[in-house]
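Reader: I should like to learn how to read the features of a protein model in order. Could we begin with a single residue and proceed to the sheet and the helices?

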Amino acid sequence: MTDRLGELTAAGVAVWLDDLSRVRLSSGGLDQLRREKHLVGVTTNPTIFAKALSDADEYDWQLRDLATRGVDVEEAVRNLTAYDVRWACDVMRPAYDATAGVDGRVSLEVDPRLAYETEKTVAEAKALWWLVDRPNLFIKIPATEAGLPAITAALAEGISVNVTLIFGLDRYSQVMEAFLAGLEQAKANGHDLSKIGSVASFFVSRVDTEVDKRLEKIGSDQARALLGRAAVANARLAYERYGEVFSSARWQALADAGAHPQRPLWASTSTKNPDYRDVIYVEELIAPGTVNTMPESVIDAYAEHGETRADTVTGAYDDARQVFADLASVGVDMTDVIETLEREGVEKFETSWNELLDGVRKSLAAAGRGIGHPGDAAKPNAQAAEQAGGNA
């Protein structure tokens with residue numbers, strides 16, 4: 001059989017999974033993907049955790065312990081999610097060691113309700129970094145305006161960062177600037193730059209979803225001819241900017257000090273429109289030094305019928321610019337598209353986070369009824385952060 005995921009890896013694309021659950025961990029499913037499907041990283045988000053905690057009984061013992069200790073709901077969520085991410089970090093550690101710290105990473109997101117508060121985001125990043133306590137952790141920080149200085153501050157502390165919710169080219173340039181500034185400060189602070197990692201999560205399919213909606217509303221033949229083309233063009237132009245920044249003298253000085261580049265990570269790569277090829281956001285975004293984080297369904301689809309062509313990005317910059325020009329000519333305002341997607345992205349994760357809190361609150365209350373207190377009524381005690389301690 002053709003090892004299509006192996007071919008993708010050989011083309012320079014790191015295969016990551018956009019999912020995590022305790023069932024996947026306890027069953028050995030994550031380790032199997034690492035061993036058999038070239039998986040070298042994991043991303044999570046509030047939506048993933050909300051689903052994981054609502055679907056499984058595997059969390060019951062920990063919920064009972066948390067309720068017994070009177071931990072409040074927000075601290076309980078930190079403990080539950082940190083436990084899973086720590087376990088996943090241990091599962092992915094062989095990939096981390098084999099790539100000298102480039103891959104083998106697992107991401108944990110700060111509370112999305114802090115997306116517009118810089119200092120609280122930094123404080124949360126530090127707390128999660130300490131709580132998980134694994135060198136192959138990524139702390140996810142959103143690329144909002146308030147998130148940019150938080151990214152720099154976290155990196156300056158030696159914290160590895162996955163910058164999430166990037167939709168537009170100008171914001172991506174700001175993210176790379178925040179990364180460079182953070183590493184420069186980390187170097188000044190005496191940190192070993194070779195131990196600090198970062199990726200920039202550039203969202204893909206959501207761009208087509210929003211642009212296609214506007215093209216359908218315009219309804220002309222010229223507009224309809226552009227359906228399904230915006231997302232790939234947007235990502236390709238992002239990679240062009242990546243190439244410019246990471247070939248600069250400023251970057252070379254950091255590389256000489258041991259730094260790894262902040263790789264572009266293609267996120268939101270499942271196809272939302274059934275009329276499109278199910279692996280389009282993998283096949284059309286193959287380029288050296290990139291990450292593609294996929295749901296398992298997309299990983300399986302690529303393993304079955306994906307077509308790996310050497311570098312489908314760098315030779316297509318002019319075509320991508322033409323797509324943008326054509327979109328403007330039919331009346332699609334890409335600036336408004338990007339602003340809409342960033343705002344909605346934060347809102348969606350906030351909604352998922354609140355659903356996660358509600359689910360854990362109910363579970364704590366149910367567990368607490370059998371032990372004499374409601375679980376989340378008391379304030380967290382000094383030992384709360386230790387609940388998820390130790391190797392899973």
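Author: In this predicted model, serine 205 lies in helix H10, which covers residues 205-218.

Reader: Is serine 205 buried or exposed?

Author: The relative accessibility of serine 205 is 1%, under the 20% cut-off, so this residue counts as buried. Residues up to four places away in sequence aside, serine 205 touches Ala267, Ser268, Ser270, Lys272 and Tyr281.

Reader: How does alanine 303 read by the same approach, and in which helix is its place?

Author: Alanine 303 belongs to helix H15. Its relative accessible area is 22%, and alanine 303 is therefore partly exposed. Beyond four places in sequence, alanine 303 is in contact with Arg4 and Leu5. The C-alpha atoms of alanine 303 and leucine 63 are separated by 37 Å, and these two residues are 240 apart along the chain.

Reader: How should one read the pairing of strands?

Author: Strands of a sheet pair through backbone hydrogen bonds, and the pairing is either parallel or antiparallel. Here eight strands close into a barrel, in the order S1-S2-S3-S4-S5-S6-S7-S8, with parallel pairing. On average, neighbouring strands of this sheet are turned by 25° against each other, direction ignored.

Reader: Which strands does S8 pair with, and over how many bridges?

Author: S1 and S8 run parallel and are joined by five bridges; tryptophan 16 has threonine 293 in S8 as its bridge partner. Strand S7 (residues 263-267) also pairs with S8 in the parallel sense, over two bridges, and leucine 265 stands opposite valine 291 in S8. Elsewhere in the barrel, strand S5 (residues 161-166) and strand S6 (residues 198-203) run parallel and are joined by four bridges. Valine 161 stands opposite serine 198 in S6.

Reader: Where do the side chains of S8 point?

Author: In a regular strand the side chains alternate between the two faces of the sheet. In S8, Thr290, Asn292 and Met294 point one way, whereas Val291 and Thr293 point the other way. Five of the five residues of S8 are buried, so this strand is largely enclosed by the rest of the structure.

Reader: Which helices lie across these strands?

Author: Helix H3 (residues 29-36) lies across strands S1 and S2, at about 140° to S2. Helix H15 (residues 296-305) lies across S1, S2 and S8, at about 140° to S1.

Reader: How is the packing of two helices described?

Author: Two packed helices are described by the angle between their axes and the distance between the axes. The axes of helix H4 (residues 46-55) and helix H17 (residues 334-369) come within 8 Å and cross at roughly 25°. H4 and H17 are therefore roughly parallel to each other, and their crossing is left-handed. Pro46, Thr47, Phe49, Ala50 and Leu53 in H4 meet Phe349, Ser352, Trp353, Leu356 and Val360 in H17.

Reader: What is the case for H6 and H17?

Author: Their axes come within 9 Å and cross at roughly 100°, which makes H6 roughly perpendicular to H17. Val73, Glu74, Ala76, Val77 and Leu80 of H6 make the contact with Trp353, Leu356, Leu357, Val360, Arg361 and Leu364 of H17.

Reader: Which residues touch the most other members of the largest nonpolar core?

Author: This core has 132 residues, of which Leu30, Val85, Ile141, Val211, Leu327 and Val360 touch the most other members. Helix H6 (residues 73-98) contributes the largest share, 13 residues. Among the contacts of isoleucine 141 beyond four places in sequence are Val110, Ile151, Val161 and Val163.

Methods: Residues are numbered from 1 along each chain as its sequence is written. This is a predicted model: local features need pLDDT of at least 70, side-chain atom pairs count only at pLDDT 80 or more; totals for chains, interfaces and linings use all residues. Side-chain values use heavy atoms; hydrogens and water are left out. A nonpolar core is a set of buried Ala, Val, Leu, Ile, Met, Phe, Trp, Tyr and Cys residues joined through side-chain atoms within 4.5 Å. Buried means under 20% relative accessible area, exposed over 50%, partly exposed in between (1.4 Å probe, protein chains only). Contact means heavy atoms within 4.5 Å. Two strands pair if DSSP finds at least two bridges between them. Axes are lines fitted to C-alpha atoms, for helices over the stretch in contact, and angles run from 0 to 180 degrees between N-to-C directions. Angles under 35 degrees count as roughly parallel, over 145 as roughly antiparallel, 65 to 115 as roughly perpendicular and the rest as oblique. A crossing is left-handed if the near helix is turned anticlockwise from the far one by less than a right angle, and right-handed if clockwise.
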